[in-house]
Structure formats: structure tokens, C-alpha cells
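Please open the structure in a viewer and keep the selection tool at hand. The tour proceeds by selections, each followed by a short account of what is found there.

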Amino acid sequence: MSVAATRRPDRAQYGVCGFLAVVGALVIVDAARIQQIANSNDPIGPKPVPIVLGVLLLVVAALYAVDVARGGTGAAEEGEDVDVTSAVDWRTVLLLIAAFVVNLVLIDPLGWVISGTLLFWGSAFALGSRNHIRNVFIAVALALITFYAFAIGLGVNLPAGVLQGIL
């Protein structure tokens, strides 16, 4: 008997299929409740994009379920040199969580540029970079680039905080 014949189907993957289907259905239901607001600038309105995304989630869930039913499995990790038996580096995990929490707490009072700088610098520090001065300059550049990319490119104003009127 071959390995494929003795391998049992991974039924946990059906849970992933179900989760994708539930999220897709929720997106469609939520999008259906959006009131149609069409004007000359936006004749389509806000409904179609979430409906299309919900339908795509349902299609992916169905195709994934068919793949699992046919015995499809994900390929084993071959490209990364990771020792899966090693312990979790909790210091790094906790430092990353701390960087995100600091960003969450400070984004409104100080603004995105300052909190984003702390987020980017803290993430680099947590992941092992010890070039602190260079990291500060890179973090400030990333925060400013994302601030203006959102403001100018997307029309989404991130909080300026204490830098209101300067940026």
C-alpha cells in the first residue's frame, strides 16, 4: 500500500473552508445593507466591491473544499531554513506586541508620524537590528512616506496629533 493510500484526509481543512464561506457570506450580507449612494462622481456607489469580494471568498471556499475532498494538501516548507523544534523567542514576540500597543495608544494624541516612527523603530529593534540611529531615520522616513501616501494618494487623513499644522 502506498503512502497516499494510507493517508487520511485532513478534515481540519474543511474548517478553513467553512470559515472562508462564513466570512464571504457575512461580507455579502453586510454589503447588501449599504445604502445605494450614487452621484455623478461615483455612479456605481460603495456596494459592488464588497459584494464581489464576498462572492470571491465563497468561490475560493468552494474550490478549496473540492481540492481537500480530492486529497489535496499543502506542500511542506522546503525553502526556509527554520528549526521547527526550537523554542519560541518570546522576547521578540513581546517586544513586537509592545511596539504595536504603543502605536495604538499614541496614535491619537501624538499622531501617526510620531507613533508610526516608534512602531517602525520598535519593530526593527525587536527583530534584532542594533543600528539605532539609522533605524530612527528610516522609521521617520517610512512614517512620513505612509502619512503622505495615505493623505495625497488615497485621500485618507491619518491623525497628525501634535504635528497638526506642521505636516
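The stops below concern a predicted model.

**Annotated spans.** Begin by selecting residues 12–29, 49–66, 87–106 and 136–158, which an unreviewed UniProt entry lists under "transmembrane region". Keep residues 12–29 highlighted: this span is 100% helix and 0% strand, and 26 Å separate its end C-alpha atoms. Turn next to residues 136–158, where the chain is 83% helix and 0% strand; here the end C-alpha atoms lie 20 Å apart.

**Helix α3.** Now select residues 48–69, which form helix α3. How far apart should the ends of its 22 residues be at 1.5 Å a residue? The expected span is 32 Å, and the end C-alpha atoms are 31 Å apart, which agrees. Within α3, colour G54, A61 and V68, the buried residues of this helix. Viewed down the axis of α3, the buried residues fall within an arc of 55°, so they line one face of the helix. Rotate to the other side of α3, where V49 and L63 are exposed.

**Helix α4 and a surface patch.** Proceed to helix α4, residues 90–110, and pick out L104 within it. Is L104 buried or exposed? Its relative accessibility is 65%, and because exposed means over 50%, L104 counts as exposed. Finally, show the surface of V88, W90, V93, L94, I97, V101, L104 and V105. Together these residues make a nonpolar surface patch of about 780 Å².

How values were computed:
Residues are numbered from 1 along each chain as its sequence is written. This is a predicted model: local features need pLDDT of at least 70, side-chain atom pairs count only at pLDDT 80 or more; totals for chains, interfaces and linings use all residues. Side-chain values use heavy atoms; hydrogens and water are left out. UniProt positions are given in the numbering used here, feature names are shortened, and annotations may be inferred rather than shown by experiment. Helices (H or I, at least four residues) and strands (E, at least two) are DSSP runs, numbered from the N terminus. Patches are made of residues with over 30% relative accessible area and no salt bridge: like charges are joined within 9 Å, nonpolar side chains (Val, Leu, Ile, Met, Phe, Trp, Tyr) within 5 Å. Accessible areas come from the Shrake-Rupley method with a 1.4 Å probe; for residues, only the protein chains shown count as cover. A salt bridge is a side-chain nitrogen of Lys or Arg within 4 Å of a carboxyl oxygen of Asp or Glu. Buried means under 20% relative accessible area, exposed over 50%, partly exposed in between (1.4 Å probe, protein chains only). The expected span of a helix is 1.5 Å times one less than its number of residues. The arc is that of the directions from the helix axis to the C-beta atoms.
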